Amino acid sequence: MNKNILIPLFILFISFNFISALSVNADYASIYPGEEGKVSVELHNNDNFDIEFVSMALNIGTLPFITVGSSEKSIDEIDEDDEESVTFIIKPSTDITPGDYEIPYTLKYTNVDTGISATKTGSFGLKVNAKTEIAFSAETKNNIIRQKGKITLKIVNKGLGELKFVSVQVFPQGYDLLSPDTTYIGNIGSDDSDSASFDVFFNSLSPSLYAKITYKDLDNQDQSKTITLPIKVYTEEKALEIGLIKKNNTLLYTGIFIVLIIIWIIYRKIKKRNKKNGR
């Protein structure tokens, strides 16, 4: 074979092996929106020669991340079959969508013996988690002692991640349940809300909504929260006083109507009698 062909092929072979000499192993970091996180990257020299002038640069570009400090780290030398590590501090934007991301990088280094330099590109993964932030409130309907009413638990998802497979179980305190104690809601997206309602019979003026909320978080892990919310219940007299209910005047109106009928009947009889007597 022609030597003019063998030499370039040999150089290409050496260069290919050299490019693959340095392996990258990054910790799979998990960070939160708007918060700094450390990513440690291990660089291992797999070949039988030393390398020098090692630099690793993160190519964040238009990704929703910034590096706190330098986006490029350098190592003077890595001996054969040895390893060194570099650490980057990465901060995702506050409005980033939680999930898995790939951070691209460019790696450069030089063979100490031959002076040949190499450049390789790649990426490592990191996860942006979402902190669970949930708000609760209780609403009531016909909240009057010794009457049938309704309690509604409103759940507001104030976090960035979705709440999945949400269900609510209540434990009566100061009222009797007239409906099942558990209600399945489903999924509640970020910045959204949903509610669970229960039919009850109030038998106390100071009941409370004691409930257990179960769901799966962004990592599909089971989560639960137990809450206790006070509920205001009124006597019928107090409910009338504050205008929560209106007084039932049906009996009054019925009595007036009956009295008017009786008066009309008496009037007709008197008129008929007077007419008969010629008056």
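**Note on a predicted model: an open sheet and two cores**

1. Within strand β15, V200 is the bridge partner of L177, where strands are DSSP runs (E, at least two residues) numbered from the N terminus. L177 belongs to strand β13 (residues 175–177), which pairs with β15 in the antiparallel sense over three bridges, two strands being paired if DSSP finds at least two bridges between them.

2. This is a predicted model, in which local features need pLDDT of at least 70 and side-chain atom pairs count only at pLDDT 80 or more, while totals for chains, interfaces and linings use all residues. Residues are numbered from 1 along each chain as its sequence is written, and side-chain values use heavy atoms, leaving out hydrogens and water.

3. The open sheet has four strands in the order β10-β11-β15-β13, with antiparallel pairing, and its edge strands, β10 (134–141) and β13, each pair on one side only. Strand β11 (residues 148–157) is joined to β15 (residues 192–202) by ten bridges and to β10 by eight. T152 of β11 stands opposite E139 and also opposite S197 in β15.

4. The largest nonpolar core (buried Ala, Val, Leu, Ile, Met, Phe, Trp, Tyr and Cys residues joined through side-chain atoms within 4.5 Å, buried meaning under 20% relative accessible area with a 1.4 Å probe, protein chains only) has 29 residues, of which L43, V54, M56, F65, F124 and L126 touch the most other members. Strand β8 gives the most to this core, with five residues.

5. A second, separate core holds 24 residues, including L153, L163, V170 and I188.

How values were computed:
Buried means under 20% relative accessible area, exposed over 50%, partly exposed in between (1.4 Å probe, protein chains only).
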